[in-house]
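Please open the model in a viewer and keep the selection tool at hand. The tour proceeds by successive selections, each followed by a description of what is found there.

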Amino acid sequence: ETSTLNQQQGANLLKQMGHIYNELGKTDKGEKYIMNAFKIFEENDLMGTSDGANINFAVGSIKLKKGDKNSALKHYQRVVEIRDKIQTIRSPQGASQLDSLAKLLREMGKDDEALKTEDRATQVRGTL
């Protein structure tokens with residue numbers, strides 16, 4: 001149990017480092033940190049947590065920044081699946097992540113899905 005907690009804390013630190021490098025415009029270096037964090041989450045069966053949702057969002061954001069919209073979409077959709085399962089979609093972070101998914105869906109020409117996702121984000125905000 002302690003080992004898993006330490007792994008999760010370490011992975012979150014890697015994710016934060018990746019985010020910092022990404023913000024500094026060093027996307028490739030940021031991606032390495034975030035993908036290492038993602039691997040730790042997968043290997044330690046931590047994907048079904050709020051932090052697991054967040055690491056998927058981080059991977060999706062990096063993939064989107066690198067132009068891989070299909071991979072970004074997969075990870076953004078996974079965020080919503082995880083948050084639905086653990087019932088944390090009704091949060092400011094959940095609403096924001098739904099907005100990001102809707103924006104990507106619009107960019108990809110998936111307007112019907114985007115509209116449903118935007119409506120859901122609005123509903124979530126109405127419950128906060």
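The stops below concern aromatic pairs and helix contacts in what is a predicted model.

**First stop: the aromatic pairs**

Begin by displaying the aromatic rings; a search of the whole structure finds two aromatic pairs. Select Tyr-21 and Tyr-33, whose rings are stacked, with 5.4 Å from centre to centre and 20 degrees between the planes. Tyr-21 belongs to helix α1 (residues 2-23) and Tyr-33 to helix α2 (residues 27-43), so this pair ties together parts that are 12 residues apart in sequence. Are these two residues buried or exposed? Tyr-21 counts as buried, at 18% relative accessibility, because the cut-off for burial is under 20%. Tyr-33 has a relative accessible area of 24% and is partly exposed.

Next, select Phe-57 and Tyr-76. Their ring centres are 4.9 Å apart and their planes lie at 15 degrees, so this pair is stacked. Phe-57 sits in helix α3 and Tyr-76 in helix α4, and the pair links distant parts of the chain, 19 residues apart. Tyr-76 counts as buried, with a relative accessibility of 5%.

**Second stop: α3 against α4**

Extend the selection to helix α3 (residues 50-65) and helix α4 (residues 69-85), which pack at an angle of about 165 degrees with their axes 8 Å apart. α3 is therefore roughly antiparallel to α4, an angle over 145 degrees being the criterion. The crossing of α3 past α4 is left-handed.

To view the contact itself, show the side chains on both helices. On α3 the participants include Ala-53, Asn-56, Phe-57, Gly-60 and Leu-64, and on α4 they include Ala-72, His-75, Tyr-76, Val-79 and Arg-83. By class, the residues of this contact divide into eight nonpolar, eight polar and four charged.

**Third stop: α4 against α5**

Keep α4 selected and add helix α5 (residues 92-107). The axes of these helices come within 10 Å and cross at roughly 150 degrees, which means that α4 is roughly antiparallel to α5. Here, too, the crossing is left-handed, as α4 passes α5.

Which residues make the contact? From α4, select among others Leu-73, Tyr-76, Val-80 and Arg-83; from α5, the contributors include Gln-97, Leu-98, Leu-101, Leu-104 and Glu-107. The contact of α4 with α5 comprises nine nonpolar, five polar and three charged residues.

Finish by centring the view on Tyr-76, which is part of the contact of α4 with α3 and also of the contact of α4 with α5.

Methods. Residues are numbered from 1 along each chain as its sequence is written. This is a predicted model: local features need pLDDT of at least 70, side-chain atom pairs count only at pLDDT 80 or more; totals for chains, interfaces and linings use all residues. Side-chain values use heavy atoms; hydrogens and water are left out. Axes are lines fitted to C-alpha atoms, for helices over the stretch in contact, and angles run from 0 to 180 degrees between N-to-C directions. Helices (H or I, at least four residues) and strands (E, at least two) are DSSP runs, numbered from the N terminus. Angles under 35 degrees count as roughly parallel, over 145 as roughly antiparallel, 65 to 115 as roughly perpendicular and the rest as oblique. A crossing is left-handed if the near helix is turned anticlockwise from the far one by less than a right angle, and right-handed if clockwise. Contact means heavy atoms within 4.5 Å. Ala, Val, Leu, Ile, Met, Phe, Trp, Tyr, Cys and Pro count as nonpolar, Asp, Glu, Lys and Arg as charged, and the others, Gly among them, as polar. Rings of Phe, Tyr and Trp (its six-membered ring) pair if their centres lie within 6.5 Å; planes under 30 degrees apart count as stacked, over 60 as edge-to-face and the rest as tilted. Buried means under 20% relative accessible area, exposed over 50%, partly exposed in between (1.4 Å probe, protein chains only).
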